[in-house]
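Here is a short report on the protein surfaces around two DNA strands. It ends with one residue away from that topic.

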There are 2 protein chains.
Amino acid sequence: MPKKTSDARPSPPPHNLRATLNDVALQAGVDVSTASRVLSGDNKQRVGQDTRNRILEAAKSLDYHPNITARSLRVAKTFSLGIAVPQLDNPVFSQMIIGAERGARERGYSLLIAHIEEGSSDDAAYERLASTNRVDGLLITTLDDNSVVLSAAQKARVPFMLLNRTGPGISNSIYFDSNAAARLAVEHLIGLGHTRIAHLSGQLNPSTGIGRFAGYRDALADAGIAFDPELVAVSGYTIKGGAQAMRKVLEQAKQRPTAVFPITLAAAAGAIMALQQYGIRVPEDLSVVTVHDGPIAEAMFPPLSTVQMPVEQMGYDGAIGLIDLIEGRKTTTNVMMQPQGLIIRGSTARVPGAGT
Amino acid sequence: MPKKTSDARPSPPPHNLRATLNDVALQAGVDVSTASRVLSGDNKQRVGQDTRNRILEAAKSLDYHPNITARSLRVAKTFSLGIAVPQLDNPVFSQMIIGAERGARERGYSLLIAHIEEGSSDDAAYERLASTNRVDGLLITTLDDNSVVLSAAQKARVPFMLLNRTGPGISNSIYFDSNAAARLAVEHLIGLGHTRIAHLSGQLNPSTGIGRFAGYRDALADAGIAFDPELVAVSGYTIKGGAQAMRKVLEQAKQRPTAVFPITLAAAAGAIMALQQYGIRVPEDLSVVTVHDGPIAEAMFPPLSTVQMPVEQMGYDGAIGLIDLIEGRKTTTNVMMQPQGLIIRGSTARVPGAGT
DNA sequence: ATGAAAGCGCTAACAT
DNA sequence: ATGTTAGCGCTTTCAT
């Protein structure tokens with residue numbers, strides 16, 4: 001019985017559409033420019049306390065939300081960041097995204113993701129994001145060598161930031177001290193009395209692969225342990241690669257190692273599979289430690305001892321740094337993050353036959 | 001010495017800024033509306049072959065890329081989709097995102113992600129995405145009950161699609177036949193001669209939890225195996241929950257089960273950890289099978305037998321369906337996906353003491 | 001302190 | 001088949 005549209009009703013959306021700044025201005029009895037001054041967030045604009053209140057009130061009563069598209073057009077910024085990842089189902093990248101999303105959100109930006117399909121060139125993903133003017137900046141991650149990505153990023157003509165990598169000529173990156181992380185891992189093994197320590201190494205990526213390998217060698221050298229090339233095999237960054245490399249080491253080494261340091265969580269998972277095939281017990285017969293304390297480290301059996309890697313933090317800092325870049329607060333940021341520590345779980349033990 | 005700005009130079013970006021439609025029109029000697037007709041993709045616009053070519057050529061020579069923000073403002077669409085996920089480092093969600101991103105991209109949309117922080121209400125994430133007019137539609141995933149999410153989505157006032165869930169009053173969803181998947185898993189065990197089959201069940205989510213539990217009971221009933229409540233414990237969807245539930249079953253059951261069907265990959269990982277603590281061998285003493293063939297299924301020891309779940313496909317179909325909704329080609333889509341099959345790996349074997 | 005007016009780059013009537 | 005015009009919602013000089 002109550003007529004739906006009677007007289008002055010303060011029903012939030014006046015029409016079916018969303019309220020615009022103009023609607024707010026009308027209702028507050030001011031000009032839209034004044035409303036803008038109040039509502040644009042830039043609250044250092046001088047507006048009378050009284051009018052300001054009226055505008056705020058009107059906005060609330062109309063459930064006003066700025067149309068970010070219009071604002072973007074006007075100020076020539078999209079307020080969004082793009083992140084391109086090669087594999088989404090890799091804890092390193094998902095954690096990075098979590099961090100980046102948080103950073104972006106805190107600064108009022110959105111995060112747009114692009115998945116770089118296996119096989120398609122990286123260029124495609126960056127072009128997609130940047131050339132259509134969808135993003136103000138790019139967060140760049142890659143498994144491959146930097147060169148490809150770099151040229152793609154240049155082409156994009158927006159500021160960009162390299163995540164988990166750096167390199168010559170890179171003016172913006174946030175990366176990890178892989179060398180220090182490797183040392184931490186290997187020194188842990190050495191501290192447990194191990195001397196025959198294998199390494200399953202990376203190859204594709206200079207930054208991670210070389211850094212961790214160097215840390216491994218340095219730690220051995222510092223402890224006066226001779227480097228034995230038979231104890232090293234290239235695993236890359238996959239489970240399968242880890243398993244293959246582990247088998248290779250077991251077969252090529254005249255004297256079996258008592259510990260292994262696989263370059264990543266994935267390689268470690270593969271290594272443990274291989275060990276179990278051989279009937280080698282972890283950690284009784286052989287200790288395993290790796291870098292990156294991702295969620296599956298806890299889920300494996302035995303739970304893996306790992307060096308903590310601030311992956312989410314890298315994503316967060318990357319986003320913040322990129323925004324600083326975009327907004328002109330900085331022109332260059334190269335930050336190396338340190339490993340946060342060692343989490344000792346069940347995969348490492350004293351060298352067999354060493355007493356307590 | 002060469003003057004920077006001499007006469008007609010075809011250097012791609014005329015100024016430091018990007019070329020606009022106007023630049024293209026100028027260079028082609030046509031009006032911007034004509035250029036728009038050619039370049040807006042809507043190529044069923046009638047434009048003379050000759051002018052069309054000139055415009056295309058000009059666009060290429062200027063390296064023109066449409067400003068999507070301006071287009072968005074004009075047509076009142078953002079050409080982007082939002083997806084809100086509760087956990088990014090869960091293979092279910094990462095695979096869904098991969099699929100959704102692919103679907104969106106194929107249709108010229110971008111995918112914007114929002115991470116629902118633990119503790120913060122889901123509302124916040126949806127509001128963030130939708131109320132600032134950043135997205136044309138929402139892909140909704142949740143671990144919790146639907147009700148919360150639903151109200152949040154309504155508030156968002158954009159079309160939305162539920163992923164991996166459905167419910168009464170939901171007009172758009174794409175979900176999984178959990179019942180059938182559970183049957184497949186349990187029938188596999190029954191086929192191997194098992195009769196004492198435990199189940200680690202969900203609880204939080206009606207759709208997944210109830211469906212899989214029902215499939216478990218149905219499969220038992222069909223095989224004439226009596227349901228034994230002692231063999232069931234609630235695990236939820238985490239590793240820790242899986243381990244606890246497994247322990248509970250082992251302790252409460254008068255006669256130990258010979259097989260277990262944990263509700264998810266995470267629960268299965270936890271269960272296996274618990275079994276290893278008890279010195280129970282998989283699969284010699286006890287078989288394990290679960291649903292969702294995520295990447296860690298292969299990485300575990302023993303590699304897990306699982307029912308394949310089309311997670312990525314759900315993401316893809318969800319995105320496509322949502323876009324159909326947005327563009328008015330459909331008004332309702334409720335699709336139930338079927339399990340794709342059973343992958344038998346090393347975690348299931350014939351019941352102990354049954355001969356070949 | 002506030003209003004008037006212009007314009008970001010694009011698309012879509014409405015001419016012609 | 002192509003040009004003219006208006007305007008999406010907002011911010012930002014420039015006046016007052």
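## DNA-facing surfaces

Five helices each supply at least two residues of the surface near DNA strand D: α1 (21-28), α2 (32-39) and α4 (68-75) of chain A, plus α2 (32-39) and α4 (68-75) of chain B. The model is predicted. Around DNA strand D there are 26 residues. L21(A), S33(A), S33(B), R46(B) and G48(B) come nearest to DNA strand D.

Now DNA strand C. Here α2 and α4 of chain A, with α1 (21-28), α2 and α4 of chain B, each supply at least two surface residues. The largest share of this surface comes from α4(B), with five residues. DNA strand C has 24 residues around it. Those that come nearest are S33(A), R46(A), G48(A), L21(B) and S33(B).

How do the residues of each surface divide by type? The table gives the counts.

| Surface | Nonpolar | Polar | Charged |
|---|---|---|---|
| near DNA strand D | ten residues | ten residues | six residues |
| near DNA strand C | nine residues | ten residues | five residues |

One loop residue closes the report. L62(A) sits in the loop between α3 (49-61) and α4 of chain A. Is L62(A) buried or exposed? L62(A) counts as buried because 21 C-beta neighbours lie inside 10 Å, and the cut-off for buried is 20 or more. From L62(A) to Q255(A) the C-alpha to C-alpha distance is 77 Å. In sequence, L62(A) and Q255(A) are 193 residues apart.

Terms used. Residues numbered from 1 in each chain as written. Chains lettered and ligands numbered in written order. Predicted model: local features only at pLDDT ≥ 70, side-chain atom pairs only at ≥ 80, totals over all residues. Near = placed C-beta within 6 Å. Helix = DSSP H or I, 4+ residues; strand = E, 2+ residues; numbered from the N terminus. Nonpolar A, V, L, I, M, F, W, Y, C, P; charged D, E, K, R; others polar. Buried ≥ 20, exposed ≤ 12 C-beta atoms within 10 Å, placed from the backbone.
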